[in-house]
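The paragraphs that follow are meant to be read with the coordinates open, moving from one helix pair to the next and then to single residues. Please keep in mind throughout that the model is predicted.

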Amino acid sequence: MTIANGGAAPTRLEGKSSAKVVCWILGFGSLVSWSSMLTIEDYYYNLFPRYHPSRVLTLVYQPFALGTMALLAYNEAKIDTRKRNLAGYILFCASTFLLIVLDLATSGRGGIVPYIGICVIVGALGVADAHVQGGMIGDLSFMCPEFIQSFLGGLGASGALISALRLMTKAAFDKSAGGERKGAMLFLGISTFLEFLCIILYAFFFPKLSIVKHYRTKAALEGSKTVLADLAVVGIQTQQSREVDDTKQQERLSNKQLFFQNIDYALELFLIYVLTLSIFPGFLFENTGKHKLGSSWYPLVLIAMYNVWDFISRYIPLVKCLRLPRKGLMVGVLARFLLIPAFYFTAKYGDQGWMIMLTSFLGVSNGYLTVSILTNAPKGYKGPEQNALGNLLVLCVLGGIFVGVALDWLWLIGKKRF
């Protein structure tokens, strides 16, 4: 494989700081729509009090995300990453805007028909999630680890900043007529704009950075087909002979080999999100009882605390002395399961201070362990293998989320509202 058409691979790796900022924004955009959905669920609980919005919408979201991700991970070597990521961000933008349109069309009324409409749009958000998270993490896996860390940091920031903004808008609109609806529409409008910004940045700015061109050119020379469209956009063309390409494909490890070489990382990510989603957000909205903050404020505060500490903890692995060794990660993952009885007894006997502390620890451990695994796993592999491994690990994350969301319903056993 050779580089041709006057577009030589850059020799100076400039633009690293700019790339990290863009990765952060792209990570923010990959979850901002869903974060907005989670933080306005107090509004949806008023519209649809009998339909368990926090649990049902999450359960609708995940099968679409998991099924789409499974197909994309299986065919990742043949899929154009540029088209995949752009399709995901465009679908995020369109789906979020449609939530606004649906609310305006129904004048903010409840009922089964609007609820089904929201569920359909949430399914589309799940499809977009699979396109973007798997595509971006796969794409960034063959670049420097700081890019994945920045992307995951932005992903965590979406929950933290949206939660903070939600608390401010709730305070501002709480006593006004239709205050919750105004706050919800404001959130969805901001999310739509941010998704549009991600489309522009990924399509026109990110591919032109010298350091990004360098890593993508390197991946192409190692046999990756997924980066060719991004290289073509900036004038770097690759001339491949079929024999060389076939040889490169034979040299790379298969998805099965990559999975079994990293089965500990895969299992850890699966278990992390099984636990997290068995508690967040359903348990926090419906099973924490009534406290001094009030039934409308208390869940929002808990969601905010989880999101803030999840965001902060994603930067802890930047400090070398605070990184866990590979064997230590599994110990940390398994130790988190002690949170299940802790949440149960705190909800039954504890006060709000203990619940806020537990929720904060849930966020800290989730963010820290996720970043530690996803930044370490791709090391030592070639570009096409790193892309494939990134997709496989995201598939494990979504699998864990799906199982966790299903298990979250067990908290309702014995409840009158089940």
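Helix 3 passes helix 5 in a right-handed crossing. The two elements, which span residues 53–74 and residues 112–141, have axes that come within 7 Å and cross at roughly 40°. Since angles under 35 degrees count as roughly parallel, helix 3 and helix 5 are therefore oblique to each other. On the side of helix 3, the residues that meet helix 5 are P53, V56, L57, V60, Y61, F64, A65, T68, M69 and L72, and their counterparts in helix 5 are Y115, I118, C119, V122, G123, L125, G126, V127, D129, A130, H131 and G134. Sorted by character, the residues of this contact between helix 3 and helix 5 comprise 16 nonpolar, five polar and one charged.

Helix 5 also packs against helix 4, which covers residues 81–105, and here the angle is about 155° with the axes 8 Å apart. That value makes helix 4 roughly antiparallel to helix 5, and helix 4 passes helix 5 in a left-handed crossing. The residues of the contact of helix 4 with helix 5 divide into 17 nonpolar, nine polar and three charged.

Another pair to look at is formed by helix 1, residues 16–39, and helix 7, residues 179–205, whose axes come within 9 Å and cross at roughly 150°. Because angles over 145 degrees count as roughly antiparallel, helix 1 is described as roughly antiparallel to helix 7. Helix 1 passes helix 7 in a left-handed crossing. Helix 1 contributes S18, V22, I25, L26, F28, G29, V32, S33, S36 and T39 to the contact, while helix 7 contributes F187, L188, S191, L194, E195, L197, C198, L201, Y202 and F205. Of the residues in this contact of helix 1 with helix 7, 13 are nonpolar, six are polar and one is charged.

Moving on to helix 16, residues 339–349, how are its buried residues arranged around the axis? The residues in question are L339, F343 and T346, which are buried; they cover an arc of only 70° around the axis, and this puts them on the same side of helix 16. An α-helix has 3.6 residues a turn, so residues three or four places apart point the same way. On the other side of helix 16, K348 and Y349 are exposed. F345 also has its place in helix 16, and with a relative accessible area of 48% F345 is partly exposed, because exposed is reserved for values over 50%. The C-alpha atoms of F345 and M355, which lie ten residues apart along the chain, are separated by 9.9 Å.

S372 lies in helix 17, which runs over residues 352–376. Is S372 buried or exposed? S372 has a relative accessible area of 5% and is buried, since buried means under 20%. Leaving aside residues up to four places away in sequence, S372 touches P317 and L329.

Stepping back to the whole chain, one can count 18 helices and two strands. Of its 418 residues, 56% count as buried. Among contacts between residues at least 6 apart in sequence, 84% join residues at least 24 apart.

Conventions
Residues numbered from 1 in each chain as written. Predicted model: local features only at pLDDT ≥ 70, side-chain atom pairs only at ≥ 80, totals over all residues. Heavy atoms only, no water. Axes fitted to C-alpha atoms, helices over the stretch in contact; angles between N-to-C directions. Helix = DSSP H or I, 4+ residues; strand = E, 2+ residues; numbered from the N terminus. Parallel < 35°, antiparallel > 145°, perpendicular 65-115°, else oblique. Left-handed = near helix turned anticlockwise from the far one by under 90°. Contact = heavy atoms within 4.5 Å. Nonpolar A, V, L, I, M, F, W, Y, C, P; charged D, E, K, R; others polar. Buried < 20%, exposed > 50% of the residue type's maximum accessible area, 1.4 Å probe, protein only. Arc of directions from axis to C-beta.
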